[in-house]
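Biologist: Could you walk me through this one? I'd like to hear the reasoning behind each label.

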Amino acid sequence: MELPQYQPDKADYLPLTDDELQDLDDWLSELPTDAAMNIEALDGYLSALQLSPVSLSDKAGADWMAPVWGGGDPFTSGKQRKRISLLLLRHVHSLSVQWTSKQAEWEPIFSIAEEGEQQLVDAEDWCTGFMIGVDQDGEAWGPLFEHTKTAAALAPIALLGGDEAQLSAEDEEKLADLHWRDALSREVPEGVLTLWTLRQAAD
């Protein structure tokens, strides 16, 4: 299945509208597979691909897009395939533009739970998607989990989105506390921007 490659030099800055994000989320939720991502996981996944030491523009479109919908060919027409792929390309490009020069416009897509009048943030789905993106280039990401600055930036993401089987009993107990999850989730955006700054400096 042919899908377009990411070409940042030729891409315009066209962030997805709320309606487009909702349409994309609705399409993913209607797919007959549990492997398809939701919009939160998708946002985290594309964030990891942009932050990866392996440039996204070096990857074939099909290689990085297919995990979004769980593989296979779920499209009902060539027109639908083109529309979905263009939405993904626009969203992943908007991340790089926002992190570079429009940080006030960037807001990761996290789940929100209401407890009374308080809104609690839960970035688990976003972080799960991010870690799927990390796994795409696991060998290249390895040193980032060992270097002091990048490891600190990745720590809350790995804790919320990593393999539950590797959690300590203490971490499992903490993650059961919605307020602790909220505090940890709020550390993620700063970590992402730190990773982006370090990645740009390395280029």
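Biologist: What makes Y6, V92, H93, S96, W99, W196 and R199 contacts of Q50?

Modeller: Contact means heavy atoms within 4.5 Å, and Q50 touches those residues, leaving out residues up to four places away in sequence. Mind you, this is a predicted model: local features need pLDDT of at least 70, side-chain atom pairs count only at pLDDT 80 or more, and totals for chains, interfaces and linings use all residues. Residues are numbered from 1 along each chain as its sequence is written, and side-chain values use heavy atoms, with hydrogens and water left out.

Biologist: Why is Q50 called buried?

Modeller: Its relative accessible area is 6%, and buried means under 20% (exposed is over 50%, partly exposed in between; 1.4 Å probe, protein chains only). So Q50 counts as buried.

Biologist: What does the side chain of Q50 reach at 2.9 Å?

Modeller: The backbone oxygen of V92. A polar contact is a pair of N or O atoms within 3.5 Å, one able to donate a hydrogen and the other to accept it within protein; residues adjacent in sequence count only if both atoms are side-chain atoms. At 2.9 Å, the Q50 pair fits.

Biologist: How do you know that β1 and β2 pair?

Modeller: Pairing needs at least two DSSP bridges between the strands. Here 5 bridges join β1 (residues 111-115) to β2 (residues 118-122), so they pair, running antiparallel. E114 stands opposite Q119 in β2. The hairpin has 2 residues between its strands, and G116 takes a positive phi near 65 degrees.

Note on methods: Helix = DSSP H or I, 4+ residues; strand = E, 2+ residues; numbered from the N terminus.
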